[in-house]
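Reader: Hi! I'm new to reading protein structures, and I'd love a close look at one part of this one. Could you take me through some charged side chains that pair up?

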Amino acid sequence: MIKRLAKSRGLRRFMRSKIAMAALAVIGLYFAIAILVGVFRVITPADATVRVLPSRYPGFLQTPTLDKRFEVAQWFIDRVETKLNFAERRKTDVRPLLDELALVERTVAELPPERLRQLIDEAWEVSDEAGEGFDLRDDLLDDLDDATRELASHRDPDTDTATLRPVEELRAFIQGKRAEVQASSGEIDSALTRLEAVVLRIQPLPTGWAGMKYTFRTFLGSDYGGSSISINAFYSIKVAFQVGIVTATICVFIGTVLGAAAAFFGGWVDHTVMWLVSTMSSIPYLVLLAVLVYMFRGTYFDTTSNPFLSLVPLYTAFCLTFWVGTCRVIRGEVLKIKELEYVQAATSIGFGRFYILLRHVVPNATHLMFINFSLLVIGAIKSEVILTFLGLGVKGQPSWGRMIANGQQEVINFAFWEIGSATVLMFGLVLVFNIVSDALQDAFDPKHVT
Amino acid sequence: MWAYVLRKLLYNIPVYFGIILLMMAALRVNDPVNNYLGKHPTPEQRLALEKDMGLDQPFIVQYVMFIAHIPLLDFGDSWKYEGTTVRERLIRAVPPSLSFTVPTLLAAAMISIVVSLVSAYYRGRPVDKTLMILAVLGMSVSYLVYIILGQFFGAFWPREAQWSLAPFAISGYEPWIGMKDVEGGGSAFFFSPTTWVTYCLLPVIVGVIVAMGYDTRFYRAVMVEECTKDYIITALAKGATKRKIMFVHMLKNALIPIVTRVMTTLPFLITGSILLEMFFNIPGMGKTLITAINDNDFPMIQGFVAVFAAVMILTIILTDVIYALVDPRVRLS
């Protein structure tokens, strides 16, 4: 079957399409990451939940806003100080407590408690300085706001312009205030830089290999719980492939067996299969999903954290719905093929019906299986998001669906890193699968209308 | 003609019974009473609910009883919202769904047809290629991302930044057309397009953008295929202009598959887009169903599923009939 396909004209046409080859290369890259994660366990689900940064730290090498930087620095100092105080009160060794604060590779500096205390005091001093800077800037911003509003009311015919300051004066005032705000921002910036330097001495960035690992963990920022978005996003590649390939394999298998049998044997087989097909396609997709949510609620699969078994509801939902399309297509093709001369010739020689079906008919529909496989992978990856939103999706491990479903809360807080990374990675994978299935269709089935 | 419709109906009745059978069985896999009352209900509570829905009877009796009640939409009372029937809640959920699904469907179909006509007219040229690349790119982004970002940039951000132009509500729904009780008795007709714009236009825009990618690609493929047919070559040979061929000869024939496709998306009118309704908090059919599922409101779920499946089957029949009507080549046998 495969050998014959390799010699076919369609495959040569497919290989000639440069863009399809590039897309295949990208799929290979994604697949390599999926293998690294899934087989070699480079990233474990535990990595995905561990705290690596303060909550909602921006990614993509973006510098956070001044307020965020202030908040983050205070967060670092505060948690070390809490542990020091706790150890002092209980008269216990502070080291194990400080080790709890480690952000994976980024541990609290190996300094004696007195030295740490000293650093913290220093940090609070600088922090107070920065705080004053913020107060000053807020006052300036208030003034600026008032002046802007006053300027705006000059244009309002209802207000009495005599009570307002003249326009020219206001303009000059605003300009002056703006410069002052800028200057004060500069001051805050320098205070924060000093503060961050102290923080780096309390909890220094790791160096060498550990440093590289830590950079990888942090370069896409963190979500609400402070866990790494990059780890989550890359782990999800494995989940996407797992969901896509398992679903597509099962559905193509069921679809091909039923479709080929229905078309080739006809009669009651055909009637039963077509009844099943029309029944399944008459249930609105989302309604079926909703019913499955209800069906699986509280069952073992709903509560288990086993990474494979917890996906059973998801596979059930996909397999119930997705085989229908493949079945229809294969049935149509087999109906055509079984009237061809070579099938009649095989029958006249006296081959059995099963032998003809497996040896002569199904191999000639292989291209459709490949096209459908590719389309089903796309369908599964995209639907996983919707299922996860409805509560039927991936549990116990990260997935793009979970990241995007979380996205609404994050976006409202102006944190686009989680939804952004998940969308971009998913977009890439779905896009290349789209390109490959288009190219497959063009190469093997040029007359087909999408 | 009527014989054809009747035959289609008769053929689809076993299909419908099959769906109801599957769905009723699926809904009873988990004990509905336990789902609603928690793990340890008192025997009295249990008995009351079981009597209410006839759950104490054998499955086959329940099945027959349920099917007998479908024509009257008599699905019992809601468990969660005592005193309201499922039918009431069903009917109440229809207008919100329709008020954004109808415009979405119409706008998506019209814009997609225009875009695909442009694409097919310039086929093989940069315009066509750009449009098709855009369509593929658009198809590769998740539906949820469109909704979340659309809601953020369309409604949340303008409000947060206090722009003077922030026409959309972040979420919610208010009736914008219908009859309203007037103080002192009687009722009056009211119609407020601004309310519609506030609550429904943004979901419509998001829905149209999502549908555009798939529709445009399909319509273009249909049109391009039509363009290779013999009658187009004949028209060219007799000297008709390209524009006339595209808009008069080709479009008429291409409309057959297009109409079929639009018809197949019709159930969307009733089921609404569950996701759009959830995110924009529109109390339509989809959101009501999801709420019922979260509340474990068994009679509601069962009733909604039955209605959705019926609507779906009716549209399938309607599609076949219309297909036969617009295309005389299809034989009614």
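Author: Happy to help; what follows is a walk through salt bridges in chain A. Please keep in mind that this is a predicted model.

Let's start with Arg217(A) and Glu105(A), which form a salt bridge with their closest N and O atoms 3.0 Å apart. The pair joins distant parts of the chain, 112 residues apart: Arg217(A) sits in helix α9 (residues 208-218), while Glu105(A) belongs to the loop between α6 and α7. Are these two buried or exposed? Arg217(A) counts as buried because its relative accessibility is 8%, under the 20% cut-off. Glu105(A) is buried too, at 16%. Asp47(A) joins in as well, for Asp47(A), Glu105(A) and Arg217(A) are linked in a network of salt bridges.

Now stay with that loop. Glu110(A) meets Arg95(A) in a salt bridge, at 3.9 Å from N to O. Here, too, distant parts of the chain are linked: Glu110(A) lies in the loop between α6 (95-99) and α7 (113-154), and Arg95(A) in helix α6, 15 residues apart. Glu110(A) is exposed, with 68% relative accessibility, whereas Arg95(A) is buried at 17%.

Helix α7 has a pair of its own. Arg149(A) and Asp146(A) both lie in this helix, 3 residues apart, or about one turn. Their salt bridge has its closest N and O atoms 4.0 Å apart. Arg149(A) is exposed at 53%, and Asp146(A) is partly exposed at 42%.

To set these pairs in context, the count over all chains comes to 23 salt bridges.

Key:
Residues are numbered from 1 along each chain as its sequence is written. Chains are lettered from A and ligands numbered from 1 in the order in which they are written. This is a predicted model: local features need pLDDT of at least 70, side-chain atom pairs count only at pLDDT 80 or more; totals for chains, interfaces and linings use all residues. Side-chain values use heavy atoms; hydrogens and water are left out. A salt bridge is a side-chain nitrogen of Lys or Arg within 4 Å of a carboxyl oxygen of Asp or Glu. Helices (H or I, at least four residues) and strands (E, at least two) are DSSP runs, numbered from the N terminus. Buried means under 20% relative accessible area, exposed over 50%, partly exposed in between (1.4 Å probe, protein chains only).
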